[in-house]
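Grab a coffee and open the viewer. Below are some exercises to work through, each with its solution spelled out.

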Amino acid sequence: CGRQCVGCTRIAEGQARIVNLSSVMHHFGNTNWSENLTPQEPSESTYCSSKLAMAMLTRAINLRVGDEEKRKGAERAGKSGAEMAAKCPGVRAISANPGAVHSSIWRFCPSLLMPIINLVMTLFFLTNQQGCTTSVACAVGAVPVDEDYLQPYFMLGSWRLPFEVCGPYVGYVPMKPRYPANIDEEARRLWNESEVAVRTALETKN
């Protein structure tokens, strides 16, 4: 009960944040949500689309339960979205791109190539500590209210690529994800299709 009260207090004070882990690979994803949510055989395309989905899920959450500034978009989410926003005015979602990180995620690469891969990662990739910077910043950092995506590299103007792949590390920088043109409509569709997929999975499990 005490934990719940603390949580409610933080929400009321606008301190609660949801952190979604995205990636530079979101640039190469697609919005075929029905196919991506229930893939027959997971592929690189599925991975890219999952990272785009994380960025767009952030948008969908903020349309429904964003803080005071972001709640202005809740009306576009329909009646249910506006009701949820009214109940949780302090919840805010932000997505993080950790960058290219020299971590154990690469352990499944062919063993014969690992010496070369390790050399490349040592020279150009971020350390684990650097790679967690954007996630921590999303949770507790000073992020402008109109930003919902952080990445760790220096950006030259509006040029996303190649800088977001492996640019100079600067900590964390807000950036606009590569959203589809009809972002709010697609974010709502992702939310709705995710609800259907989760409900189906739970019914199947039970």
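What follows is a set of five exercises on this structure.

Before you start: this is a predicted model, so local features need pLDDT of at least 70 and side-chain atom pairs count only at pLDDT 80 or more, while totals for chains, interfaces and linings use all residues. Residues are numbered from 1 along each chain as its sequence is written, and side-chain values use heavy atoms, with hydrogens and water left out.

**Exercise 1. Get the overall layout**

Task: work out how many helices and strands the protein chain has, and in what pattern they come.

Solution. Step one is the count: the protein chain has nine helices and four strands. Those are DSSP runs numbered from the N terminus, with helices being H or I of at least four residues and strands being E of at least two. Step two is the order, which reads α-β-α-α-α-β-α-α-α-β-α-β-α along the sequence. Step three is burial: 37% of the 206 residues are buried. Here buried means under 20% relative accessible area, exposed means over 50%, and partly exposed is in between (1.4 Å probe, protein chains only). Step four is the outside: the accessible surface comes to about 12,200 Å², and 60% of that belongs to carbon and sulfur atoms. Areas like this come from the Shrake-Rupley method with a 1.4 Å probe, and for residues only the protein chains shown count as cover. Last, look at the contacts (heavy atoms within 4.5 Å): of those with a separation of 6 or more, 68% are between residues 24 or more positions apart.

**Exercise 2. Follow the strands**

Task: find out how E3 is joined to E2 and to E4.

Solution. Start with the rule: two strands pair if DSSP finds at least two bridges between them. E2 and E3 run parallel and are joined by two bridges; Ser 95, for one, has Tyr 149 in E3 as its bridge partner. On to E4: three bridges join E3 to E4, and these strands run antiparallel. Leu 150 has Pro 174 in E4 as its bridge partner. Now check burial: five of the five residues of E3 are buried, so the strand is largely enclosed by the rest of the structure.

**Exercise 3. Track down the salt bridges**

Task: list the salt bridges around Arg 189, then describe the one between Lys 176 and Glu 147.

Solution. The idea first: side chains of opposite charge can pair when their charged atoms come close. The cut-off is a side-chain nitrogen of Lys or Arg within 4 Å of a carboxyl oxygen of Asp or Glu. The whole structure has four such bridges.

- Glu 186 meets Arg 189 at 2.6 Å, N to O. They sit three residues apart in helix H9, so about one helical turn separates them.
- Glu 193 meets Arg 189 at 3.1 Å, N to O. These two are four residues apart in H9, again about one helical turn.
- Put together, Glu 186, Arg 189 and Glu 193 form a linked network.
- Lys 176 meets Glu 147 at 3.5 Å, N to O. Lys 176 lies in the loop between strand E4 (169-174) and H9, and Glu 147 in the loop between helix H7 (133-140) and strand E3 (149-153), so the pair ties together parts 29 residues apart in sequence.
- As for cover, Lys 176 is partly exposed at 43% relative accessibility, whereas Glu 147 is buried at 14%.

**Exercise 4. Zoom in on Glu 186**

Task: decide whether Glu 186 is buried or exposed, and say what it touches.

Solution. Place it first: Glu 186 is in helix H9 (residues 183-205). Its relative accessible area is 9%, so it counts as buried. Leaving aside neighbours within four places in sequence, Glu 186 is in contact with Thr 31, Trp 33, Met 56 and Pro 180. Its salt-bridge partner Arg 189, by contrast, is partly exposed at 30%.

**Exercise 5. Look for the aromatic pair**

Task: name the two rings that pair and classify their geometry.

Solution. Rings of Phe, Tyr and Trp (its six-membered ring) pair if their centres lie within 6.5 Å; planes under 30 degrees apart are stacked, over 60 edge-to-face, and the rest tilted. That rule gives one aromatic pair. Trp 106 and Phe 125 make it, 5.8 Å centre to centre with 55° between the planes, so it is tilted. Trp 106 is partly exposed at 31%, and Phe 125 is partly exposed at 22%.
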